[in-house]
Amino acid sequence: MEECIFCKIIKGEIPSFKVYEDDNAFAFEDINPISQGHTLVIPKRHTQDLWEIPEEDLAAVHSASKKIIQAIKDVLNPTGVACLQLNGRGVNQVVMHYHLHLIPRASGEPELPVSSWELKQGDMEAIKQTAEKIAAAIG
Ligand SMILES: [Zn+2]
């Protein structure tokens, strides 16, 4: 899977705003964020989707997401956090490496779109700062 962009991010071949890493899971800020703190949690071992992911990796991703969502709550004080996980091109899965979106909604922000949104690069410095805050808040 040498062409997989997420595998390249895990290896450090493509830079990312990492917020968390353990033996089996990796998390970083989405650079096309729906909202501030939009984070992706992925298994380190390449697997395409929920149909293919080994249970061990699924558990690792979701255990990591619980730590990260607590940090997001502590740092950003959202009114809620959507956990969105898309399987297949029919629902706009773009990168074919399993990933769980954690999408916070801040007070006063509009409703979150569910599975289709315009990709618009965010402010890289702001994303970096948010990544650093979340990373630092993970115990
Ligand atoms: Zn991959």
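Which strands does helix 3 lie across, and at about what angle to strand 1 does it run?

1. Helix 3 lies across strand 1, strand 2 and strand 3, and its direction makes about 30° with strand 1. This answer, like everything below, refers to a predicted model, and the points that follow go from the overall build to the sheet, the helices and a few single residues.

2. The protein contains 3 helices and 5 strands, which follow one another along the sequence in the pattern α-β-β-β-α-β-β-α. Its radius of gyration is 14 Å, close to the 14 Å that the globule rule gives for 139 residues, and the protein is therefore as compact as a globular protein of that length. Taken along the principal axes, the box filled by the C-alpha atoms is roughly 40 × 35 × 25 Å. Of the 139 residues, 29% are buried, and among contacts between residues at least 6 apart in sequence, 67% join residues that are at least 24 apart.

3. The 5 strands form an open sheet whose order is 1-2-3-5-4, with antiparallel pairing. Strand 1 and strand 4 are the edge strands, each of them pairing on one side only. On average, and with direction ignored, neighbouring strands of this sheet are turned by 20° against each other.

4. The pairings can be followed from one strand to another, beginning with strand 1 (residues 18-21), which runs antiparallel to strand 2 and is joined to it by 3 bridges. A hairpin makes the connection between these two strands through 3 residues. Strand 2 is in turn joined to strand 3 (residues 39-43) by 5 bridges, again in an antiparallel arrangement. A useful residue to find in the structure is F26, which is the bridge partner of E21 and also stands opposite I42 in strand 3. Strand 3 and strand 5 are antiparallel as well and are joined by 3 bridges, with V41 standing opposite L100 in strand 5.

5. Why is strand 2 described as largely enclosed by the rest of the structure? The reason is that 5 of the 5 residues of this strand, which covers residues 25-29, are buried. In a regular strand the side chains alternate between the two faces of the sheet. In strand 2 both faces are covered, since A25, A27 and E29 on one side are buried, as are F26 and F28 on the other.

6. Helix 2 packs on the sheet and touches strand 1, strand 2, strand 3, strand 4 and strand 5, while its direction makes about 160° with that of strand 3. Helix 3 also meets the sheet, where it lies across strand 1, strand 2 and strand 3.

7. The two helices also meet each other, and two packed helices are described by the angle between their axes and the distance between the axes. The axes of helix 2 (residues 55-76) and helix 3 (residues 124-137) come within 8 Å and cross at roughly 115°, and the crossing is right-handed. On the side of helix 2 the contact is made by I68, A71, I72, D74 and V75, and on the side of helix 3 by K133, I134 and A137. Of the residues in this contact, 6 are nonpolar, none is polar and 2 are charged.

8. Two asparagines deserve a look at their backbone angles. N77, in the loop between helix 2 and strand 4 (80-84), has a phi near 50°, which is a positive value in a residue other than glycine. N92, in the loop between strand 4 and strand 5 (100-105), likewise has a positive phi, of about 70°, although it is not a glycine. N77 counts as exposed because it has 10 other C-beta atoms within 10 Å, and N92 is exposed with 11 such atoms within 10 Å.

9. Is P78, which lies in the loop between helix 2 and strand 4, buried or exposed? P78 counts as buried because it has 20 C-beta neighbours inside 10 Å, and the cut-off for a buried residue is 20 or more. Leaving aside its neighbours within four places in sequence, P78 is in contact with I72, K73, P104, R105 and A106. P78 and Q36 are 42 residues apart in sequence, while their C-alpha atoms are 9.6 Å apart in space.

Terms used. Residues numbered from 1 in each chain as written. Predicted model: local features only at pLDDT ≥ 70, side-chain atom pairs only at ≥ 80, totals over all residues. Axes fitted to C-alpha atoms, helices over the stretch in contact; angles between N-to-C directions. Helix = DSSP H or I, 4+ residues; strand = E, 2+ residues; numbered from the N terminus. Left-handed = near helix turned anticlockwise from the far one by under 90°. Contact = placed C-beta atoms within 7 Å. Nonpolar A, V, L, I, M, F, W, Y, C, P; charged D, E, K, R; others polar. Buried ≥ 20, exposed ≤ 12 C-beta atoms within 10 Å, placed from the backbone. Pairing = 2+ DSSP bridges. Rg over C-alpha atoms; globule rule 2.2 N^0.38 Å.
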